[in-house]
Amino acid sequence: MEIKVLRNKIDRIDEKVLALLNERAKLSLKIASLKRLKGKSIYAPDRETYIIRELCKKNFGPLSKEAVESIFREIMSSSLSLEKPFKVAYLGP
């Protein structure tokens with residue numbers, strides 16, 4: 001295959017990954033809202049550890065375990081940053 005054909009395939013995959021990441025983020029926001037209503041902590045380190053461990057078990061490469069862990073930690077970190085209330089600091093004149 002030509003490089004252009006392969007790059008076009010990657011571009012289509014990237015668009016799908018982006019759509020899925022945004023769908024995941026929306027679900028994370030809904031979960032955060034429910035947790036707030038119940039007075040629960042938004043961050044669940046045990047859940048994060050469990051998810052990464054399970055994904056690493058299901059990974060058969062070519063991505064390494066470390067790469068999968070790094071990617072998903074970043075995804076979870078990005079979702080967590082969306083879940084936290086937005087704070088504004090005013091320093092005045």
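Arg73 and Glu69 sit four residues apart in helix α3, which is about one turn of the helix. In this predicted model, the two side chains form a salt bridge, with their closest N and O atoms 3.4 Å apart. Together with Glu48 and Lys65, these residues belong to one network of salt bridges that share partners. Side chains of opposite charge can pair when their charged atoms come close.

The next link in the network is between Glu69 and Lys65, with an N to O distance of 3.5 Å. Glu69 and Lys65 are also both in helix α3, four residues apart. A further link joins Arg73 to Glu48, and here the closest N and O atoms are 2.7 Å apart. This pair connects distant parts of the chain: Arg73 belongs to helix α3 and Glu48 to helix α2, with their positions 25 residues apart. A search of the whole structure finds four salt bridges; three of the pairs are set out below.

| Salt bridge | N to O distance |
|---|---|
| Arg73 and Glu48 | 2.7 Å |
| Glu69 and Lys65 | 3.5 Å |
| Arg73 and Glu69 | 3.4 Å |

The members of the network can also be described by their exposure. Glu48 counts as buried because its relative accessibility is 14%, and the cut-off for buried is under 20%. Arg73 has a relative accessibility of 34% and so counts as partly exposed. Glu69, at 23%, is partly exposed, and Lys65, at 46%, is partly exposed too.

Glu48 lies in helix α2, which covers residues 45-58. Leaving out residues up to four places away in sequence, Glu48 touches Tyr43, Arg73 and Met76. Its side chain also makes a polar contact of 2.7 Å with the side chain of Arg73.

Met76 leads from the charged network to the nonpolar core. With residues up to four places away in sequence set aside, Met76 touches Arg24, Glu48, Ile51 and Ile52. The largest nonpolar core has five residues, namely Ile51, Ile52, Cys56, Val68 and Met76. Helices α2 and α3 are the elements that give two or more residues to this core. The largest share, three residues, comes from α2.

Ala67 is another residue of helix α3. Its relative accessibility is 23%, so Ala67 counts as partly exposed. The C-alpha atom of Ala67 is 9.5 Å from that of Cys56, and the two residues are 11 apart along the chain.

Between α2 and α3 (65-83) runs a loop that contains Pro62. The peptide bond from Gly61 to Pro62 is cis, with omega near 15°. Most peptide bonds are trans.

At the start of the chain, Met1 is found in the segment before α1, which spans residues 3-37. Met1 counts as exposed because its relative accessibility is 72%. Together with Val5 and Leu6, Met1 forms a nonpolar patch on the surface, and the three have about 300 Å² of accessible area together.

The protein as a whole has three helices and zero strands. From the N terminus on, the order of its elements is α-α-α. Of its 93 residues, 16% count as buried. The protein exposes about 8100 Å², and carbon and sulfur atoms supply 62% of that area. Among contacts with a separation of 6 or more, 55% are between residues 24 or more positions apart.

Notes. Residues are numbered from 1 along each chain as its sequence is written. This is a predicted model: local features need pLDDT of at least 70, side-chain atom pairs count only at pLDDT 80 or more; totals for chains, interfaces and linings use all residues. Side-chain values use heavy atoms; hydrogens and water are left out. Patches are made of residues with over 30% relative accessible area and no salt bridge: like charges are joined within 9 Å, nonpolar side chains (Val, Leu, Ile, Met, Phe, Trp, Tyr) within 5 Å. Accessible areas come from the Shrake-Rupley method with a 1.4 Å probe; for residues, only the protein chains shown count as cover. Buried means under 20% relative accessible area, exposed over 50%, partly exposed in between (1.4 Å probe, protein chains only). A polar contact is a pair of N or O atoms within 3.5 Å; within protein, one must be able to donate a hydrogen and the other to accept it, and residues adjacent in sequence count only if both atoms are side-chain atoms. Contact means heavy atoms within 4.5 Å. A nonpolar core is a set of buried Ala, Val, Leu, Ile, Met, Phe, Trp, Tyr and Cys residues joined through side-chain atoms within 4.5 Å.
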